[in-house]
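Open the model in your viewer and keep the selection panel at hand. The stops below come in the order to select them.

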Amino acid sequence: MADDYLTRIGKLIRDARQHRGWTQAQLADALHTSQSAVNRIERGNQNISLEMIARIGEALDSEIVSLGYSGPMHLRVVGGRRLSGSIDVKTSKNACVALLCASLLNSGRTTLRRVARIEEVYRILEVLGSIGVRARWINDGNDLEIIPPDRLDLDTMDTEAARRTRSVIMFLGPLLHRTDRFRIPYAGGCDLGTRTVEPHMTALRHFGLELTATDGTYHAQVDRGISPSRPIVLTERGDTVTENALLAAARHDGVTVIRNASSNYMVQDLCFFLEQLGVRIEGVGSTTLTVHGVARIDRDVDYAPSEDPVEAMSLLAAAVVTESELTIRRVPVEFLEIELAVLEEMGLDHERGDEYPANNGRTRLIDLTVRPSKLRAPIDKIHPMPFPGLNIDNVPFFAAIAATAQGSTLIHDWVYDNRAIYLTDLTRLAANVKLLDPHRVLVEGPTRWRAAEMMCPPALRPAVVVLLAMMAAEGTSVLRNVYVINRGYEELAERLNSVGAQIETFRDI
């Protein structure tokens, strides 16, 4: 077979396996072969017979394996429909990927409850499986059990999967405790402009980690003679930077003080998880974390990450732009309080239920009902700030909301280089969005949305914003190549359909 044909077959098998929710190890067990063989097949590095293709199709219950290349996924949206009823917020995608990376700290069994079944999680599971970690879905696919090997085989890392997620950068913190030398590929993910790893290195150098970069790979070397001698001051109050510092400090046998730390939702979930592993952390929810690390972690742990405030904001925005009454259940309100305050100023009609605890026992949840509202533009610009400010990932949703409001709204995304540019895609749907510079857009509302066919923006949140606008537009719209949405949302189209949307998934023939 030609190499390109093997690559296409391999990608098709991977897609079918991930659709079923299986790891490479599970498929290998069903085929009575090795995980490394499945890895080679999926990467197009293994000759494969028609008999093996048929066996794989039978194991995965997927006829498409024998029919041909599936191609990218698209969405067909019939807009102008009102939503109604109630919808639950899923668990946090960013917390789940951090906890998967944190499982590398533990020699025991890690069980994570209600893990988000999204492409970002699948990519990390691919990487974990390729280095010897056993992961399997349990309890009807709702929960994930993770069992590490005695020794990680880092030379067999699935670099293709690793390059497709920026979260792989959080392997640095755990791995520096397991080996003196290792390699990871450059981190990928959304196209949001240049993002340096230097803030990570500023933190991890305190633990003896040094990186050199060549040919798309970070080469790591650890000096065991170096350990934190003074508080670590993060040069960027970033979420993944803070998480990497926490992951390094957790296995440092001593006390580590981390200053200018993020206190965002995924960082708090990681702290709660590390506490169950026996790591004592003072200052959770503040910008100074004091970590009492332990040299070895070997315990069976069971943890339930909290709900995703960005998904909650997505669903809230869906109700606003479609002028619907919708109840959003299990909203982590403490991470949406600024957003709700801004929306109240804009005139949002909503009702909050009583608070109750998330399954992690710590995060506060509410049920939130949003009603059709006559919105006006906010007096001040919309701009992100570190928690407890307005979440950077929630800023794009205000573009769609502002487009429904009366007046002009200035949106200033000072964090990412490209994301404001992607918000101008809303003009294809008749919104009045003017790009002032790569970080600022001016949105004039209200908008009479118009259906369109377009490519999905290459960044997660702007892509969902376009989808929500299509739901508001009378007529039929098409959003092509929505892989980026599947990276961060579990069955979003199906769940929106359950409350009245009409979104069809299709592929080109």
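A disulfide here is a pair of cysteine sulfur atoms within 2.5 Å. This is a predicted model, where local features need pLDDT of at least 70, side-chain atom pairs count only at pLDDT 80 or more, and totals for chains, interfaces and linings use all residues. Residues are numbered from 1 along each chain as its sequence is written, and side-chain values use heavy atoms, with hydrogens and water left out.

**Stop 1: the cysteines**

Select C96 and C101. The closest cysteine sulfur to that of C96 belongs to C101, and it is 11 Å away, too far for a bond. How many disulfides does the rule count? Zero. Stay on C96 and check its surface. C96 is buried, at a relative accessible area of 1%. The classes are: buried under 20% relative accessible area, exposed over 50%, partly exposed in between, using a 1.4 Å probe and protein chains only. Now jump to C456. That residue is also classed as buried, because its relative accessibility is 11%.

**Stop 2: helix α13**

Select residues 309–321, which form helix α13. Element names follow DSSP runs numbered from the N terminus: helices are H or I with at least four residues, strands are E with at least two. α13 has 13 residues and spans 18 Å from first C-alpha to last, close to the expected 18 Å. That expectation is 1.5 Å times one less than the number of residues. Is α13 mostly covered or mostly open? Mostly covered: 13 of its 13 residues are buried.

Go to the start of α13 and add D308 and V310. A side-chain oxygen of D308 comes within 2.9 Å of the backbone nitrogen of V310. The cut-off for a polar contact is a pair of N or O atoms within 3.5 Å; within protein, one must be able to donate a hydrogen and the other to accept it, and residues adjacent in sequence count only if both atoms are side-chain atoms. Then move past the other end. E323 follows α13, and its phi is positive, near 55°.

**Stop 3: the neighbours of α13**

Add residues 395–404, helix α15. The axes of α13 and α15 come within 10 Å and cross at roughly 15°. α13 is therefore roughly parallel to α15. Axes are lines fitted to C-alpha atoms, for helices over the stretch in contact, and angles run from 0 to 180 degrees between N-to-C directions. Angles under 35 degrees count as roughly parallel, over 145 as roughly antiparallel, 65 to 115 as roughly perpendicular and the rest as oblique. The α13 and α15 crossing is left-handed. Left-handed means the near helix is turned anticlockwise from the far one by less than a right angle; right-handed means clockwise.

Swap α15 for residues 460–472, helix α17. Here the axes of α13 and α17 are 9 Å apart, at an angle of about 25°. α13 is therefore roughly parallel to α17. Which hand does the crossing of α13 and α17 have? It is right-handed.

**Stop 4: two cis peptide bonds**

Select F387 and P388. A cis peptide bond joins them, with omega about 15°. P388 sits in the loop between β17 (364–371) and α15. Next, take G445 and P446. Their peptide bond is cis, with omega near 0°. P446 is in the loop between β20 (440–445) and β21 (453–455).

**Stop 5: positive phi**

Select R114, in the loop between β3 (110–112) and α7 (119–130). R114 is not a glycine, yet its phi is positive, about 55°. R114 is partly exposed, at 31% relative accessibility. Finish on N260, in the loop between β10 (255–259) and α12 (265–276). Phi of N260 is positive too, near 60°. N260 is partly exposed, at 25%.
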